[in-house]
Amino acid sequence: MAQEDFPTIELRYGLSDKDFNRLARFIQTECGIQMPPSKKSLVTARLQKRLRILKMESFTDYVDWVLDPSAAGEELINFIDIITTNKTDFFREPGHFDFMTKEALPDLLNRHQAGLRRPVQIWSAPCSTGEEPYTMAIVLLEFAENKKIPSYKGQILGTDLSTRALKHGQNAVYDMERVATLPASLKKKYMLRSRDPNTPRVKMGPELRQMVRFQHLNFMDSSYNISQAMDIIFCRNCLIYFDRPTTEAIVNKLCRHLAPGGYFFVGHSETLNNLKVPVTQVAPTIYQLPQRG
Ligand SMILES: C[S@@+](CC[C@H](N)C(=O)[O-])C[C@H]1O[C@@H](n2cnc3c(N)ncnc32)[C@H](O)[C@@H]1O
């Protein structure tokens, strides 16, 4: 919705340092996300839009409401959606998908018959609006076709803190411009075009959708409600928000769900070096849990 569509409400005061600090403490405890003072203007701009929608005039009233335990987190979901950055893309950091195709999937197939005797298990954590898990599904299907293994199977789990982002992923509908740079052959094979010329959108095809499921998960939870052992975990472009002890704790919790010999990917500007974690580096930004025995 364009800003002009909102009724104009004069905000009485800006976001005070005190209220910003209350929010920053809360978001760090609940979500692990660091909100240094340098983020204040960004947070203020995002909250201003929310206050206009709610027709609220005071930031303090808003902060009181978000932090009020008796309001049972009524506004908390919206607030988390406002402050998290969901930037993502299909085939983002494409070197990782090349590594999957050329190294990880063949290795998992040879050693554990992963994909043949049982589905190869992949976790996109966090998955944001779904582009990453759907890219993984395309990579698996292309791998099966190129290797001529029609019985090859894979399952992908996408988890995120943001309910809005998860809903988008589940819906599986994207603006056409989001897939503009993908090869036409992949779009034709795996995606459906909307019939309405006024809304140029694509929907992920049924083959992709049936491989991907979404689940809400906060990295700050003491343990993760995930039953399968994962062959591959992508934890990309999120660790940058956390301080070192939080990152170490999250990676250790994620690695409890990684099968021996499983691969762990981080974003190109992230590293696990100098952290006490059970995986060892096999390529830049790619790690592996040692095989058993
Ligand atoms: C920039 S996106 C990265 C998405 C994808 N992995 C990629 O690289 O394109 C970061 C995501 O981290 C999620 N996030 C932030 N804090 C989180 C937490 N405590 N638990 C789970 N997800 C979190 C946000 O909701 C957001 O969708």
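**View 1. α2 and β2 help line the largest pocket.** In this predicted model, α2 (40–54) and β2 (154–160) each bring at least two residues to the lining of the largest pocket. The top contributor here is α2, which gives the most to that lining, with 3 residues.

**View 2. Inside the largest pocket.** Zoom in on the pocket itself and you get a volume of about 530 Å³. Its lining runs to 33 residues, and Thr84, Thr85, Asn237, Cys238 and Tyr241 are the ones nearest the centre. Sorted by class, the lining of the largest pocket comes out as 16 nonpolar, 10 polar and 7 charged residues. And what takes up this space? The largest pocket is the space taken by the ligand.

**View 3. The shell around the ligand.** Here we switch to the ligand's neighbours: 21 residues surround the ligand, with Thr88, Arg92, Pro126, Asp160 and Asn237 coming nearest. The shell around the ligand splits into 8 nonpolar, 8 polar and 5 charged residues.

**View 4. Polar contacts to the ligand.** Let's go atom by atom. On the side-chain front, Asn86 places a polar atom 2.8 Å from an oxygen atom of the ligand. Backbone atoms join in too: a backbone N or O atom of Leu161 sits 3.3 Å from a nitrogen atom of the ligand, and a polar backbone atom of Arg236 is 3.0 Å from a nitrogen atom of the ligand. How much of the ligand's exposed area does the protein bury? On its own the ligand exposes 610 Å², and the protein buries 99% of that.

Note on methods
Residues numbered from 1 in each chain as written. Predicted model: local features only at pLDDT ≥ 70, side-chain atom pairs only at ≥ 80, totals over all residues. Heavy atoms only, no water. Near = heavy atom within 4 Å. Polar contact = N/O pair within 3.5 Å; in protein donor to acceptor, adjacent residues only side chain to side chain. Areas by Shrake-Rupley, 256 points an atom, 1.4 Å probe, with all protein chains shown as cover. 1 Å grid on protein atoms, 1.4 Å probe; cavity = no way out; pocket = protein on both sides within 12 Å on 5 of 7 lines; lining within 4 Å. Sits in = over half its atoms within 2 Å of the grid points. Nonpolar A, V, L, I, M, F, W, Y, C, P; charged D, E, K, R; others polar. Points joined across faces, edges and corners; volume = space filled by probe spheres on them. Helix = DSSP H or I, 4+ residues; strand = E, 2+ residues; numbered from the N terminus.
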